[in-house]
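Trainee: Could you take me slowly through one part of this model, the place where two domains of one chain meet? I would like to follow how the two sides are put together.

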Amino acid sequence: MAVSVQKTDVVRLDQCDPNFIREVEEAGGVNVQACYQCGTCTGGCPTVFAMDYTPRQIIRMVHLGMKDEVLSSMSIWVCSSCYTCQTRCPRGVHITDVMSALKSISIREGRTPANPKGPVFYKTFVDIVEAYGRMWELELSLKFTNKAEPEIPNKLAMLLRDAPLGLAMFTKGKLPLAPHKILNIGQIRSIYENIRAVEGEK
Amino acid sequence: MKYAYYPGCTIFGSGLEYQISTLAAAKELGLELVDMPDWNCCGASSSPSHGHDLTLALQARNIAIAEEMGLDILTICNECYNNLAHAAILFNENQSKKDEINSLIRDTGHQVKGTVKVRHLLDVVLHDIGPEALEKLVRRRLTGLRLAPYHGCLALRPPEIAIDSAENPTSMNQVLEVLGAEVVPFDKFTAACCGSSVLLTQEDVALRLSYNILKGAKDAGADAVVTMCPLCHLNLDFKQKRMQKKFETELGVPIIYFTQIIGLVLGLSSKELGLSKNLTSTKKVVKFVESLPFST
Ligand code: SF4
Ligand code: SF4
């Protein structure tokens with residue numbers, strides 16, 4: 001797997017951000033300071049094989065304020081939100097929520113992610129919900145592929161590769177060609193507007 | 001037994017047969033599923049891009065609609081269940097968070113009071129209907145059918161919302177046993193993550209995790225894997241051919257919703273249960289079940 005960021009084993013204290021831990025807590029990372037580095041989270045993590053830093057290391061790096069390294073790690077995008085770590089942690093660290101918080105901080109700050117497909121997916125998802133109030137799988141997969149594969153040959157290759165599966169779904173009546181929009185879509189848009197207003201105040 | 005039915009967005013597409021079989025089986029089971037008017041998406045993967053408050057606000061509108069109906073919510077998707085149950089517990093316990101989210105949804109005309117519970121259909125079958133009542137409804141026992149019960153992640157973890165043990169869940173095993181099926185040894189995989197949430201962004205990771213589960217089922221001699229979530233189902237069923245190619249192993253494991261299995265046992269036809277909509281062929285299983293005698 002291509003990991004674009006140089007992995008580090010040196011902690012440069014002059015480059016650490018002491019406010020980072022607070023920021024992660026505010027974004028939903030409950031009890032992150034309680035971690036005593038036992039490694040239970042890493043031991044049970046099903047996706048650790050594809051991570052550059054283990055969940056235990058990510059938590060420690062949050063403690064140390066290694067914001068740039070954490071936000072440019074592959075690990076935060078590899079996490080599948082399975083909640084195994086959070087369930088097993090003897091210190092009550094909400095590790096899965098920390099991973100989500102790290103994704104959201106990375107997107108909010110417009111960081112260059114180790115996996116560019118991550119932010120594309122989440123943004124496409126919320127845009128579709130804002131437009132229809134419900135998910136529309138066809139638009140999600142087409143828009144995602146279009147944005148996640150900027151090179152035209154790759155785009156076409158992906159679409160061609162997925163076409164037979166799409167066709168199979170379509171013939172079974174499982175790929176509607178129009179969204180099932182909710183009636184009161186204005187209500188959903190008002191929620192998004194209020195969220196944006198609150199975000200703007202911060 | 002009456003619930004506000006929250007089906008989730010997949011019912012219009014990839015999860016079509018889950019919806020068909022849920023509605024058909026619910027009728028036979030005596031569950032009254034009342035449609036929630038104008039329900040919205042639970043925001044499955046929304047929190048990373050707008051923070052957790054958007055996810056909570058999307059739940060809040062749905063929860064308020066159920067409160068207006070005076071009913072607890074019943075969902076069939078693990079992801080919807082996780083999001084809705086998390087939010088419901090938070091609103092029921094944390095007044096200030098509830099006020100904050102109510103302010104975000106103030107222009108919808110709905111407000112959360114914090115009174116409803118959120119339930120997963122599997123939990124309702126096992127605890128509201130119960131094994132004894134279920135057994136009485138069985139019209140043909142699944143003697144000789146070997147099934148791998150797959151619970152997945154999000155109805156078991158984290159503990160605040162769990163319908164069963166996170167490490168050794170047996171809810172689905174219990175239901176399948178009541179139906180007379182043989183449950184194959186599957187403890188290692190039943191609560192393992194299938195990776196569906198990273199299917200688009202990290203396909204290699206998702207395929208590896210799902211492959212392990214299907215290989216586990218195959219090695220255990222299962223005739224089918226039984227699912228309780230449309231996202232797990234999509235990943236295991238829809239992407240199975242791709243796994244076969246990537247790992248150069250013949251799989252061909254039917255992926256069947258527990259509602260389809262229950263429906264067959266209650267005497268519903270494969271058509272009434274949408275069993276031709278599953279991507280990996282379910283024909284062998286259906287044929288076997290249809291050869292079983294009805295009890296008198
Ligand atoms: S399981 Fe909890 S305490 Fe142990 S290393 Fe992980 S976060 Fe820290
Ligand atoms: S939630 Fe993420 S970090 Fe935790 S065990 Fe699952 S995949 Fe690993």
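Mentor: Domain bounds, to begin with, come from an automatic or database domain assignment. The model itself is predicted, and in chain B the assignment gives domain 1 as residues 2–121 and domain 2 as residues 136–290. The C-alpha centres of domain 1 of chain B and domain 2 of chain B lie 24 Å apart, and where the domains meet, 24 residues of domain 1 of chain B are in contact with 29 residues of domain 2 of chain B. Together, domain 1 of chain B and domain 2 of chain B bury an area of about 2,300 Å² between them, and carbon and sulfur atoms give 72% of that area. On the side of domain 1 of chain B, Glu17(B), Tyr18(B) and Asn78(B) supply 27% of the area that this domain buries against domain 2 of chain B, more than any other three residues.

Turning to polar pairing, the rule finds zero salt bridges across the interface of domain 1 of chain B and domain 2 of chain B, whereas eight residue pairs, both residues at pLDDT 80 or more, are in polar contact between these two domains. Helix H1 (16–29) and helix H4 (78–93) of chain B each supply at least two residues of the side of domain 1 of chain B that touches domain 2 of chain B, and the largest share of that side, 10 residues, comes from H1(B). Sorted by class, the side of domain 1 of chain B that touches domain 2 of chain B has 12 nonpolar, nine polar and three charged residues.

Technical notes. Residues are numbered from 1 along each chain as its sequence is written. Chains are lettered from A and ligands numbered from 1 in the order in which they are written. This is a predicted model: local features need pLDDT of at least 70, side-chain atom pairs count only at pLDDT 80 or more; totals for chains, interfaces and linings use all residues. Side-chain values use heavy atoms; hydrogens and water are left out. Contact means heavy atoms within 4.5 Å. Buried area is the accessible area (1.4 Å probe) that two parts lose on being put together, summed over both. A salt bridge is a side-chain nitrogen of Lys or Arg within 4 Å of a carboxyl oxygen of Asp or Glu. A polar contact is a pair of N or O atoms within 3.5 Å; within protein, one must be able to donate a hydrogen and the other to accept it, and residues adjacent in sequence count only if both atoms are side-chain atoms. Helices (H or I, at least four residues) and strands (E, at least two) are DSSP runs, numbered from the N terminus. Ala, Val, Leu, Ile, Met, Phe, Trp, Tyr, Cys and Pro count as nonpolar, Asp, Glu, Lys and Arg as charged, and the others, Gly among them, as polar.
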